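Here are a few notes to help you find your way around this one. Have a look at it first, then read on.

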Amino acid sequence: MSASDLAATAPSAAVTARRTGPRGGGRASAHPGAHAASARRLGLRFLALGYLLALLGAPVAMIFYRTFEHGLAPVWEAVTQPNAVHAFWLSIELVAIVVPLNTAFGIGMALAIERGRFRGRALLGLLLDMPFAISPVVVGLALVLVYGRTGWLGSWLTSNGMQVIFSIPGMVMATAFVSLPFVARETIPVLRELGTEAEQAAATLGASAWQTFRRVTLPAIRWGVVYGVVLTTARALGEFGAVSIVSGRLEGQTQTLPLYVQDRFENFDGTGAYAAAVVLALLAFATLLGMNLLAKRTKRDTVV
Amino acid sequence: MTPPPADGAALAAERGAAGAAWRGRGGQGPRPGSRLRARAGTALGAGVLGAYLSVLVMLPIAALLANAAKGGTSAFWSEVSSPEAVAALKLTLIVSAIVVLVNALAGTLIAWVLVRDEFPGKRVVNAMIDLPFALPTIVAGVVLLALYGKGGPTGIDVTFTRAAVGLALLFVTLPFVVRSVQPVLLELDRSAEEAAGSLGAGPLTVFRRIVLPALTPAILSGMALSFARAVGEFGSVVLISGNLPFKTEVGSVYVFNQVENDNVGAAAAVSVVLLLSALVVLSAMTALSRSRSRHVG
């Protein structure tokens, strides 16, 4: 065992080994030291994997087992219920509206923060991080306070025949709020690393701002953007707290798939709840796969 | 320099002329119109972006703050200090603090094992770390209930207990510390550790004196994000905790119940406390993390 291997397992002492005291690290080939090091390494590995198994692996495996323990037929029946199908398509509809919106504005905000020179940049950064600091429930409440019947713009909206809360526009806003930062946050570091040389060169050669963006900047940041899009999609699809408040949770009308899961669970329809949850879990696994494929892609892109 | 959004329309009109001029010149060399055109585009973009953020974020947050402040300090205080609100806020802050400390230990350990250890299936484990971010929060709650709920195979039943709240929060915040420590650990130069080892420092000393100081900023920022997330968490907690007032009702659930009961004043006041505690911890830990990284760097 080499010295670096010994050093590599050193921190295990902090967690497992006690009273080991200083040992001759220089004599790494000494058998007792190497033995203790590999024991520590195994101990740490099992501690970490055990934690992950208990918190993550086993529960997720369990829900698949619970869902399919009586075969596929009841699951199929549960997910083809009219309310389940409606909830599924409503969730897809929200994603289809929110993701393009937040992608465009996410790129815009990333450019403004990274390339812009104006006084409000710090404020913009703060606003962008708001969704990370604010509870989804509070997002819902804040939207109701502006766009609800008794909200700031409530009477104006009503007199103009517009309903925001308890209908699609409010749900779009809630979903857009909570998934706002992802595209910008994934794009900003890529923009920073990219630098402005290529953009300046393009401008010097006579390219317009739009041409520079489309031909130089966008190709360079595309994988960062796509990674952000994947995260936005996952968040938009799974949003619960904010949508729960602004939607009114009307069955077959404003009930999204996550809201449907809760509704089934609270009505003691375990099969329905598990089946819908598994549909969402499978979509999450697809997201995860996408994230991992893209992580490699982005790394390759930024290294070159 | 970005012109204020108000100028957008005027500049946009000029933009057309500039575009025509550009086409006439055939794109040869620098054009006087291009700078103006770029400015117009930027102004237009800034205006649209500002409008989007106003409608979506600024106006709602302003309404929330205004609503919480409407009755003055005494009204705010009486809403926040009602026994049920105090119990919910206390539970939220205490459980979040415990969860953050567990995350600091477990997250660092997991990051360490993923970077410095080799074992079959490591890549799958590494990919699985992000699952709590990809999984809808309500599904996280159902998933935990399937194993640790009533009639689960383990015989453990955490439903409607405070432990359930902690479990749900640990699940949803798992990736934060791991993902902030991992890249730092990957970049860490091992020669200092090797040198310390060859000079006779024990594994514990090497970790405490060399590795830990380098990781501290990353651990702190992961902890800050975990805390902010835990304080506001709703979806994963709502099914498993049972939302019993004075026992398992967290702050976000309290806000939700007040909104449902049309008690908007109480909901807004407690929301502001939740938001402020997340922001204060987030900025304090970020500042601490920055000063630490300056010491090390």
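1. A word on terms before anything else: two residues are in contact if their C-beta atoms, placed from the backbone, lie within 7 Å. Keep in mind, too, that this is a predicted model.

2. Let's start with one residue, Ala168(B). Setting aside neighbours within four places in sequence, you'll find Ala168(B) in contact with Ala140(B), Gly141(B) and Leu144(B), and also with Ser236(B), Val237(B) and Ile240(B).

3. Ala168(B) also turns up in the bigger picture: the largest nonpolar core has 179 residues, and those touching the most other members are Ala168(B), Val142(B), Leu141(A) and Ala277(A). Which helix gives the most to this core? That's H10 of chain B (residues 203-232), with 16 residues.

4. Now for where the chains meet. On chain B, 87 residues are in contact with chain A, where 86 residues take part. Helix H2 (residues 32-69) of chain B gives the most to chain B's side, with 18 residues. By kind, that side of chain B has 60 nonpolar residues, 18 polar and 9 charged.

5. How far does the predictor trust all this? For the complex, the predictor gives an ipTM of 0.84 and a pTM of 0.85. Chain B has an average pLDDT of 86, with 86% of its residues scoring at least 70.

6. One part of chain B to read with care is residues 1-30, where the pLDDT is below 50. That stretch still has 42 contacts in the model beyond near neighbours in sequence. Within chain B, helix H1 (residues 8-25) has the lowest confidence, at a mean of 38, while helix H4 (residues 83-116) has the highest, at 97.

Methods:
Residues are numbered from 1 along each chain as its sequence is written. Chains are lettered from A and ligands numbered from 1 in the order in which they are written. This is a predicted model: local features need pLDDT of at least 70, side-chain atom pairs count only at pLDDT 80 or more; totals for chains, interfaces and linings use all residues. A nonpolar core is a set of buried Ala, Val, Leu, Ile, Met, Phe, Trp, Tyr and Cys residues joined through C-beta atoms within 7 Å. A residue is buried if 20 or more other C-beta atoms lie within 10 Å of its own, exposed if 12 or fewer, and partly exposed in between; C-beta atoms are placed from the backbone. Helices (H or I, at least four residues) and strands (E, at least two) are DSSP runs, numbered from the N terminus. pLDDT is the predictor's confidence in each residue, from 0 to 100. Ala, Val, Leu, Ile, Met, Phe, Trp, Tyr, Cys and Pro count as nonpolar, Asp, Glu, Lys and Arg as charged, and the others, Gly among them, as polar.
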